[in-house]
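Biologist: Got the model open? I'd like to go through it with you, question by question.

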Amino acid sequence: MKKLLLASAASALVASAALAGSHSKEVKIGVLLGFTGPLESITPHMAGGAELAMAEVNAAGGILDGTMVTAVRGDSTCVDAAAATAAAERLITSEGVAALMGGDCSGVTGAVLQNVARPNGIVMVSPSATSPALSTAEDDGLFFRTAPSDARQGVVMAEILGERGIKSVAVTYTNNDYGKGLADSFQAAFEATGGKVTLSAAHEDGKADYAAEVGALAAAGGDVLVVAGYIDQGGSGVIRGALDSGAFTTFMLPDGMVGTGLEERFGKEIDGSFGQHPGTDSNGAASFVDLAKDKGFEPTTAFSPEAYDAAALMMLAMQAAGSTKGVDFKDKIMDIANAPGEQIFPGELAKAIALIKEGKDIDYVGASAVELVGAGESAGNYREIEFKDGKITTVKYR
Amino acid sequence: MDLLNALVALSNFVLVPGLAYGSQLALGALGVTLVYGILRFSNFAHGDTMAFGTMTVILITWWFQSLGIHLGPLPTALLALPFGIAITGAVMLGTDRVVYRFYRRKKSDPVILVMVSLGVMFIMNGIVRFIIGPEDQNFADGERFLISARTFREMTGLPEALAIRTSTAITLVTAILVVAALFWFLNRTRTGKSMRAFSDNEDLALLSGINPERVVMVTWLIVAALTTIAGTLYGLDKSFKPFTYFQLLLPFFAAAIVGGLGNPVGAIAGGFVIAFSEVTITYAWKKVATYALPESMAPDSLMQLLSTDYKFAVSFGILLIVLLFKPTGLFQGKSV
């Protein structure tokens, strides 16, 4: 029995070596996402998006004249920096990946960038890390993200309020990194435009009663209450309390608060309230959904389009640089992502590769209307919404 | 200076919410105090019994709603309340039969009973989450407001508004009725008197022929009624979530101990003391002060003593102070 096992193991080894030999030209890209942990419900769809882009490139004959792209998944856990670092280390040293699509959550992404990507000269493109801190992190030009920084949403909010002529607001935020980060970046942006934040107070999620919080916000006053919370949590509780006590009637609703649940819960009571969430009217989003049909994942999941774009950007940059080495192609990513050039939408990666071979410029638009700014992060596209007759309506895209 | 507006703002954000919250606490603390006085242990399962009672009321309310039974402007839950009390009462008697009676017969120390009640708490906790789930449940229907903020502004022309929700008014009225009924029962009926006798001196009560099992049974039934009513009122006024009900245990005990454990009057007073200190200490007084003081003295700061995050710290602080300086509570109760 033991001999049989040994024999089969040996033959398997030979077979895999032979297989590897037949694919002599292959490049691996690590897909480092939290397949376990708080984001585990959306990460399979993000990985699906990234792997769809790779399959598309392979179907078109690969990059660099026949180099096939393979995805290797690693688990970032979203919350455990040590585990994410170990996973990234494994991907690079034992799997030999040329680039990393990931990580997903801001904390582990920063850790992997500093501990693994920079020492090894590996390019990372994160589809979903939104922490403003990553904009200024030391990255040797290796780190990019197809998701906008939360600081960007703060600026967009200040712009929206400015256009509506609102000068004074009270802010309440859910007491975690998201809420606090958004509230802080908004306050900074709003005060820079001359606005006044009368009070920025946290609320805890999952309480039955927010009368006390609303009382403090009402005492501080303001034309509008900015609710940087969650729709199924304290955010709605605060709105309920504010409406019941007559403290506020108009609310500004950032991305965590925009959803149909709000229509069901408040309807016409919050007519005139407004807000914004990431969204685009570009054709790319629709063609991505078409492309992903029957591929076993849900393309409308948050950050799934961004993951497709992250993978596509890296492969196109490799093609443009003529190399799969991070140090060679890192400088090409910004060129690929931004104008000038012919616009590239999902499903047109083969065309993009052909154009690059001809030496022509391309402007990768992709599924999430990618436009990289600053240190290589998405400018972010937001859909401004307003409540009319108890329904969420689109004001415009910005 | 605008005293009228100051008064309206004060009522809207302090007096009315404080009264409602105080009544809910008082009803809950009454249950804690009755168990302590008669069964002689601190019932940690109280919050989760409340969740259980409210859950039964919610389920029956939903059933009524699906049958199309409504109470007009009043919430349907009021109609479901008696059924909820009956079911909760049966469950309490069952728990007593299966769990507490064993330890009572053995004359176990109170601390053992406390631990036993902790076990009951976890089981109740699990049952409630198993049946209705850990999420928020909203079961209020009928008219939301007695006076809404908008109507008040239109009626009076004041910039400040006073909103009174139907649930707040129902809470107050029900609490007064329940407390009146309870005191009438304890002071005027034979069973009530035997309960007080049992609480004052168990041996004497037994000598004069009072049936202890009967006293215990009546106590559990009253506690079931009190918790179910308190839980339903809290759920109508705020919202139902099992974890919140579990957390209410702290203010309940704080209220009962501040008032004097085992003393029903104390429980009610304690409930309002805790409620109003939580509300007033975490309230930002800027608005009221701006109206009440002359313009030159109007404050710039929020005038908030403690951030609202520390709400539970207030009841905990009061609990500690009372235990340190007056262990028997404001109204002579039993020392803890």
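**Strand E8 and its surroundings**

Modeller: Sure, and keep in mind that this is a predicted model. Let's start with E8(A): 5 of its 5 residues are buried, so the strand is largely enclosed by the rest of the structure.

Biologist: Which residues of E8(A) cover each of its two faces?

Modeller: In a regular strand the side chains alternate between the two faces of the sheet. Here, both faces of E8(A) are covered and the residues named on each are all buried. One side has Val224(A), Val226(A) and Ala228(A), and the other has Leu225(A) and Val227(A).

Biologist: How many bridges join E6(A) to E8(A), and which residue stands opposite Ala228(A)?

Modeller: E6(A) and E8(A) run parallel, with 5 bridges joining them. Opposite Ala228(A) in E8(A) you'll find Tyr173(A).

Biologist: And in E9(A), what is the bridge partner of Val226(A)?

Modeller: E9(A) covers residues 251–253 and runs parallel to E8(A), joined to it by 2 bridges. Val226(A) has already come up as a buried residue of E8(A). Its bridge partner in E9(A) is Met252(A).

Biologist: What hand does the β-α-β unit of E8(A), H8(A) and E9(A) have?

Modeller: The two strands, E8(A) and E9(A), run parallel. Helix H8 of chain A, residues 234–245, completes the unit with them, and the β-α-β unit is right-handed.

Biologist: Let's turn to helix H6(A). Why does its end-to-end distance agree with what it should span?

Modeller: H6(A) has 16 residues, 177–192, and at 1.5 Å a residue they should span 22 Å. The end C-alpha atoms do agree with that, because they are 22 Å apart.

Biologist: What do the buried residues of H6(A) pack against?

Modeller: The buried residues of H6(A) include Tyr178(A), Leu182(A), Phe186(A) and Phe190(A). An α-helix has 3.6 residues a turn, so residues three or four places apart point the same way. The buried residues of H6(A) pack against helix H5 (150–163) and strands E6 (168–174), E7 (196–203) and E8 (224–228) of chain A.

Biologist: Any odd backbone spots? Which peptide bond is cis?

Modeller: Look in the loop between strand E3 (99–102) and helix H4 (106–120) of chain A, where Gly103(A) is found. Omega is near -10° for the cis bond, which runs from Gly102(A) to Gly103(A).

Biologist: What is phi for Asp389(A), and is that residue buried or exposed?

Modeller: Asp389(A) is in the loop between strands E15 (382–388) and E16 (391–397) of chain A. Its phi is near 55°, a positive value in a residue other than glycine. With 8 other C-beta atoms within 10 Å, Asp389(A) is exposed.

Biologist: Over in chain B, is Lys107(B) buried or exposed?

Modeller: Lys107(B) sits in the loop between helix H3 (77–105) and helix H4 (110–132) of chain B, and has a positive phi near 55°. It has 6 C-beta neighbours inside 10 Å, so Lys107(B) counts as exposed.

Biologist: Last one: which helix gives the most to the side of chain B that touches chain A?

Modeller: The contact takes 23 residues from chain B and 18 residues from chain A. On the chain B side, H1 (3–39), H10 (242–247), H12 (264–282) and H13 (286–292) each supply at least two residues. With 3 residues, the one that gives the most is H1(B).

Methods:
Residues are numbered from 1 along each chain as its sequence is written. Chains are lettered from A and ligands numbered from 1 in the order in which they are written. This is a predicted model: local features need pLDDT of at least 70, side-chain atom pairs count only at pLDDT 80 or more; totals for chains, interfaces and linings use all residues. Helices (H or I, at least four residues) and strands (E, at least two) are DSSP runs, numbered from the N terminus. The expected span of a helix is 1.5 Å times one less than its number of residues. A residue is buried if 20 or more other C-beta atoms lie within 10 Å of its own, exposed if 12 or fewer, and partly exposed in between; C-beta atoms are placed from the backbone. Two residues are in contact if their C-beta atoms, placed from the backbone, lie within 7 Å. Two strands pair if DSSP finds at least two bridges between them. A crossover is right-handed if, with the strands pointing away from the viewer, the path from the first strand over the helix to the second runs clockwise.
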